[in-house]
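Q: Please take a close look at the sheet in this model. Where does it sit, what packs on it, and what surrounds it?

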Amino acid sequence: MASVVAGVATSHVPAIGAALDNGRSGEPYWQPLFAGYEFSKRWIAELKPDVILLVYNDHASAFSLDFIPTFALGCAAEFPIADEGWGPRPVPPVIGHPELAWHIAQSTITDDFDMTIVNKMEVDHGLTVPLSLMFGQPAAWPVPVIPLAVNVVQYPPPSGRRCFMLGKAIRRAIESYPAPLRVAVFGTGGMSHQLQGPRAGLINAAFDSQFLDGLIADPAKLAQMPHIEYVREAGSEGIELVMWLIMRGALDDAVTAVHRFYHVPASNTAVGHLILENRR
Amino acid sequence: MSGTDAFDDIPGTTLFNAERSRQGYALNMFCMSLMKAENRAAFRADNAAYLKRFALTPGQVEAVLTRDWNRMLELGGNIYYTSKLGATDGLSFVQLAALMTGSTQEAYAQMMLDGGRGIEGNRSKTERADG
């Protein structure tokens, strides 16, 4: 049977990708940020997961206002890199895992989650920046990735509670897959940031710290937080943090945080990063 | 009614709710069209002529032509779409954010380096009025 071997949470700021792609990661502005992922790169090279299920949001790249799926699961064999207005990021295409993805779609839908199945989808910085942070700049990504795109652009996004429950359903799906695949689940986006309007630039380090604490120790309680509290305390784009609860739901109630990192700023955003393992 | 009135109490923030999405559909889809290089070229060649391809309101046309970024949000624009117009103009998210806050690029960049805009006094319009 397949299993969930670890959870990773990380921000997915586009400027991080641009810094890497343009060879600026060693600059004083960026160096502290990338230093926070040195442990993570070693950790994942040792863990060698067979598949990554990566929860992220599309930023009006694959989806526009024409279609707004709440939860969209990428079941394709390959996902091309989106051109977000500056040309596609010079990173390898993302290789999927259609067999496991279809199994997860089938299992979660049977389990009452109305998943949208996607067979053709370009992926943007929301998905590729976390891969770059964890794997650097390889010629090919070392592991297949199943994208799970969550709407957090059009209000209302799914609730934290719904995301947490979906994480649990994804775990049940993975654990009912017959081959012994070791799956890592990534939850991305956040932390506090606001990109729009006169309040742009908002950062709330105290909120972020409490969110990290709650995600580790008491995610069921954290999942009850209403949308307005995310927007008020963490900024209009801080709502992306609901996606971290999908990852958390796929893990045991009791986890160990083997790595925790927080840095301000990356462009307009507070960067948070956690690596969680089930307690053995 | 969209059931999102409570969010109006958050200062300097425009929630992209159902009403704004309906109001801003053409505006946002105009921005989406700028994902294609040939459309960017046509738009750059003649902003006003290009905008005629989309069913924008006169107010939305004015906001685009004058690059009034906050007004675009008020008229149903969403930042992930208007940022594509920004990218067409060569503006990054940081540069756009600075423009929307009315700050200079230098002052905004320094604010972010200093830890960003603080939350105190920025949670609630009511709280501000009381304080």
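A: **The sheet and its surroundings**

Start with one pair: Gly7(A) has Leu276(A) as its bridge partner in strand 10 of chain A. Helices and strands here are DSSP runs, numbered from the N terminus: helices are H or I with at least four residues, strands are E with at least two. The model is predicted: local features need pLDDT of at least 70, side-chain atom pairs count only at pLDDT 80 or more, and totals for chains, interfaces and linings use all residues. Residues are numbered from 1 along each chain as its sequence is written, while chains are lettered from A and ligands numbered from 1 in the order in which they are written.

Gly7(A) belongs to strand 1, residues 3-10 of chain A. Strand 1 of chain A is joined to strand 10 (residues 269-278) of chain A by four bridges, and the two run antiparallel. Strand 8 (residues 182-188) of chain A is a parallel partner of strand 1, with seven bridges between them. There, Ser3(A) is matched with Arg182(A). Strands count as paired if DSSP finds at least two bridges between them.

Is strand 1 of chain A enclosed, and why? Six of its eight residues are buried, so strand 1 of chain A is largely enclosed by the rest of the structure. The burial rule counts C-beta atoms placed from the backbone: a residue is buried if 20 or more others lie within 10 Å of its own, exposed if 12 or fewer, and partly exposed in between.

Now the whole sheet. It is open and has eight strands of chain A, ordered 6-3-7-2-8-1-10-9, with mixed pairing. Strand 6 (116-118) and strand 9 (255-266) of chain A are the edges, each pairing on one side only. From one strand to the next, the twist averages 20 degrees. Axes are lines fitted to C-alpha atoms, for helices over the stretch in contact; angles run from 0 to 180 degrees between N-to-C directions.

Further along the order, strand 2 (residues 51-56) and strand 7 (residues 145-150) of chain A run parallel, with five bridges. Leu54(A) has Pro147(A) as its bridge partner in strand 7 of chain A. Helix 6 of chain A packs on the sheet. This helix touches strand 1, strand 2, strand 3 (71-74) and strand 8 of chain A, and its direction makes about 145 degrees with that of strand 1 of chain A. Helix 10 (residues 242-249) of chain A lies across strand 1, strand 2, strand 7 and strand 8 of chain A, at about 160 degrees to strand 8 of chain A.

Met243(A) has contacts beyond four places in sequence, among them Val55(A), Tyr56(A), Val150(A), Cys163(A) and Thr188(A). Contact means that C-beta atoms, placed from the backbone, lie within 7 Å.

What about the core? The largest nonpolar core holds 125 residues, and Leu54(A), Leu73(A) and Met243(A) touch the most other members. Helix 6 (residues 160-175) of chain A gives the largest share, seven residues. Domain 1 (14-90) and domain 2 (92-131) of chain B each add at least three residues to this core. A nonpolar core is a set of buried Ala, Val, Leu, Ile, Met, Phe, Trp, Tyr and Cys residues joined through C-beta atoms within 7 Å. The domain bounds come from an automatic or database domain assignment.

One helix meets an edge of the sheet. Helix 1 (residues 14-21) of chain A has six of its eight residues buried, so it is largely enclosed by the rest of the structure. Pro14(A), Ile16(A) and Leu20(A) are among the buried residues. The buried residues of helix 1 pack against helix 2 (31-35), helix 5 (125-135) and strand 9 of chain A. Gly23(A) follows helix 1 of chain A, with a positive phi near 70 degrees.

Last, the partner chain. Chain B has ten helices and zero strands. Of its 131 residues, 35% count as buried. The contact with chain A takes 43 residues of chain B and 31 residues of chain A. Helix 7 of chain B gives the most to the touching side of chain B, six residues. That side divides into 25 nonpolar, 15 polar and three charged residues. Here Ala, Val, Leu, Ile, Met, Phe, Trp, Tyr, Cys and Pro count as nonpolar, Asp, Glu, Lys and Arg as charged, and the others, Gly among them, as polar.

Conventions
Contact = placed C-beta atoms within 7 Å.
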